[in-house]
Amino acid sequence: YTLSLHDALPIYEKASAFSFPPQANPEGLVQIAQHLTPELVLQPRFMRHGNGARRVTEAIVCADDPGAYARKYSRYTGYGCDGAAGRFEVRFGASSRVTVVAPDQVTSVVPGGTAPAVPSLVGLTVQVADLDQAARLLKHNEVPYRLTGDRLTVSAADACGAAVRFEAPSLSAACDRPGSRL
């Protein structure tokens, strides 16, 4: 992809990426990437989204053995995991996490959600600047959503196979505290 700092000479962004073998991750393609030229990619003009998205705060995976999957992600990242009773988390500092749930726990995390397969990626959570702004854009684009508590949820059927949950910054911050409920 060609970018430029000041719309003058083209400069190519650089990244380092690592892909895990597909057979090791039947739930989906798992990759790790690092921008080597963040000044090119993370410019404000590229970071604005009509829905006010600021960051992905959570990936939600369904697996028959959530503890085993959480430990796998823990090994991949070097971050610890914790949980019990069919629900585990791997937290990446205070900003994001992978939540792994058993099939019978999917609806406790994604209202109305189901797992299309086990294992699978069943949802993502996106922090937005303003929940009302995100709702207006979804409505304008005729994307069905449900308001549950302090989150908007677009079902997997309406979001290309994995539910998308939108949450306000205050909710994300509350979820970043140890022992908090999602």
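**Reading helix α5 and the largest pocket**

Tutor: Let's start with helix α5 (residues 131-140) in this predicted model: Leu131, Ala134, Ala135 and Leu138 are its buried residues. Buried means under 20% relative accessible area and exposed over 50%, with a 1.4 Å probe and protein chains only. Helices here are DSSP runs of H or I, at least four residues, and strands are runs of E, at least two, numbered from the N terminus.

Student: Why do the buried residues lie on the same side of α5?

Tutor: Because they cover an arc of only 100° around the axis, taking directions from the helix axis to the C-beta atoms. On the other side, Asp132, Arg136 and His140 are exposed.

Student: What do the buried residues of α5 pack against?

Tutor: Contact means heavy atoms within 4.5 Å. Here the partners are β9, β11 (151-154) and β12 (163-167).

Student: How far should I trust the model?

Tutor: Look at pLDDT, the predictor's confidence in each residue, from 0 to 100. The chain averages 86, and 88% of the residues score at least 70. Over residues 174-182, though, the pLDDT is below 50. Where pLDDT is low, the predicted coordinates should not be read in detail.

Student: Which element gives the most to the lining of the largest pocket?

Tutor: That's β5, with 6 residues. The lining divides into 13 nonpolar, 6 polar and 4 charged residues, where Asp, Glu, Lys and Arg count as charged, Ala, Val, Leu, Ile, Met, Phe, Trp, Tyr, Cys and Pro as nonpolar, and the others, Gly among them, as polar.

Tutor: Two notes on reading all this. Residues are numbered from 1 along each chain as its sequence is written. Local features need pLDDT of at least 70, side-chain atom pairs count only at pLDDT 80 or more, totals for chains, interfaces and linings use all residues, and side-chain values use heavy atoms, leaving out hydrogens and water.
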